[in-house]
Amino acid sequence: MKKLMLAVLAGALSVSLMGSGVKSASAAGSPKQVEVLLNTIKMKFPDAKPFQDAQGSVMVPIRFVSEALGAKVTYSKEGKVSKVGAYSKDHKVDMTIGQTSALVDGQKKYYGTQIMLKQNRTFVPLRLVSEGLGEKVEWDKIGRWVWIGNKDFRSTDDKEFKLTKLSDFKAYTKSIEFFRSLEKKDIYSGVKIIKESDLPIQLGSSQVVYSINLVKDPVRGGNLVQIRSSHRGNPIAFLTKNGFGNWRQVLDAAFTNNGDGTGMNNYPEVSSLDLFQNGKFVENYDYTKFKLSSADYILLTDGDLVDYAVAIINPFK
């Protein structure tokens, strides 16, 4: 089993993103919710959420974004005219509800879409945040994310991500070879457990995992786990309690290069790889009955992880 697994792993290690395969599988339905990330950490909005309007402009609630950036927000009304101000140490923005322009540090700027009141919140075009509060802002059309500030990703090496000893993770280590360092060839000392809400995150000093989604396979049918990553081809494993790990290799033909240094890696929910359990072929085993919802964790492998494994709590249970 050891030689077999190492050979499989070595053959599937991450490589630089080159070219793209067939069109990525996509989930049916309405577009995903727009997310705002401040210094790579997703902001939480208690009520009114960011959105993209009919003409494609990304609208964000100015109060929460401004206050997170250290600016003070004021509201006033002159007759039927509602005004909003956002003031930081270095910048001053004056806005009027219903207008397509704003005064930024005394200069009139036009944005092509109206500053609006929705759900008792003032929404402004994304570009106003950039020009008005002096922050670097990017629109990520792949993830439907608004990036504000720096892109210094948190790492699983950071102290906030605690190490769980393998002895305390024993119910999921029946396939112990999944927990072996490819570089040191030793069994990991433990596992770092993360949540979907921790994404995007860097695994050690290696790949950045941006998102994980469940999509439909338009070619083969069934479900695919789709992981947006800075690396191509890293395998994963579904971990069920007291069960053998369900190893999954990326469907290379279904890989999509997003053209921004990230790509979509797709993994089948059901695979004939489940016929092999700890290196032994299990004859007449019905691998088609496996359900992703039975897994508690998804193991994220990376050849550059040398001291611990990383597992994400299964968001699809």
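In which sense, and over how many bridges, do β3 and strand β4 (residues 58–61) pair? The pairing is antiparallel and runs over two bridges. With that small piece in hand, let us walk through the rest of this predicted model.

## Overall picture

The protein chain holds three helices and 26 strands. Its C-alpha trace spans about 80 × 40 × 35 Å along the principal axes. Of the 317 residues, 49% count as buried. If we take the contacts between residues at least 6 apart in sequence, 57% of them join residues at least 24 apart.

On the outside, the accessible surface of the protein chain comes to about 15,900 Å², and carbon and sulfur atoms account for 50% of that area. The chain carries 44 positive and 33 negative charges, and the mean positions of these two sets are 4 Å apart.

## A four-stranded open sheet

Now back to the strands we opened with. β3 and β4 belong to an open sheet of four strands, arranged in the order β3-β4-β11-β10 with antiparallel pairing. At its edges are β3 (51–52) and β10 (116–118), each of which pairs on one side only. Within the β3 and β4 pair, Gln52 has Val58 of β4 as its bridge partner. Helix α3 (residues 126–133) packs on this sheet, where it touches β4 and β11 (121–125). The direction of α3 makes about 85 degrees with that of β11.

The loop between β10 and β11 is worth a look too, as Asn120 is found there. Asn120 is not a glycine, yet it has a positive phi of about 65 degrees. Is Asn120 buried or exposed? Its relative accessibility is 73%, so Asn120 counts as exposed.

## A buried serine in α2

Helix α2 covers residues 62–68 and includes Ser66. Ser66 counts as buried because its relative accessibility is 0%, against a cut-off of under 20%. Which residues does Ser66 touch, leaving aside those up to four places away in sequence? They are Ala71, Val73, Ala86 and Leu133. One of these ties back to the sheet region: Leu133 falls within helix α3 (residues 126–133).

## Two hairpins in a row

Further along the chain, strand β16 (residues 201–202) pairs with strand β17 (residues 208–216) in the antiparallel sense, over two bridges. Gln202 stands opposite Val208 of β17. The two strands form a hairpin with five residues between them, and Gly204 in the turn has a positive phi of about 60 degrees.

β17 also takes part in a second hairpin, with β18 as its partner and six residues between the strands. How many bridges join β17 to strand β18 (residues 223–229)? There are seven, and the two strands run antiparallel. Val215 is placed opposite Leu224 in β18, while Gly221 in this hairpin takes a positive phi near 80 degrees.

## Backbone details in the loops

Pro200 sits in the loop between β15 (190–194) and β16. The peptide bond that leads from Leu199 to Pro200 is cis, with omega near 5 degrees.

Another loop, between β8 (101–104) and β9 (107–110), holds Asp105. Phi of Asp105 is positive, near 50 degrees, in a residue other than glycine. Asp105 counts as partly exposed because its relative accessibility is 40%.

Notes. Residues numbered from 1 in each chain as written. Predicted model: local features only at pLDDT ≥ 70, side-chain atom pairs only at ≥ 80, totals over all residues. Heavy atoms only, no water. Buried < 20%, exposed > 50% of the residue type's maximum accessible area, 1.4 Å probe, protein only. Contact = heavy atoms within 4.5 Å. Areas by Shrake-Rupley, 256 points an atom, 1.4 Å probe, with all protein chains shown as cover. Lys, Arg positive; Asp, Glu negative; His and termini not counted. Charge placed at Lys NZ, Arg CZ, Asp CG, Glu CD. Pairing = 2+ DSSP bridges. Axes fitted to C-alpha atoms, helices over the stretch in contact; angles between N-to-C directions.
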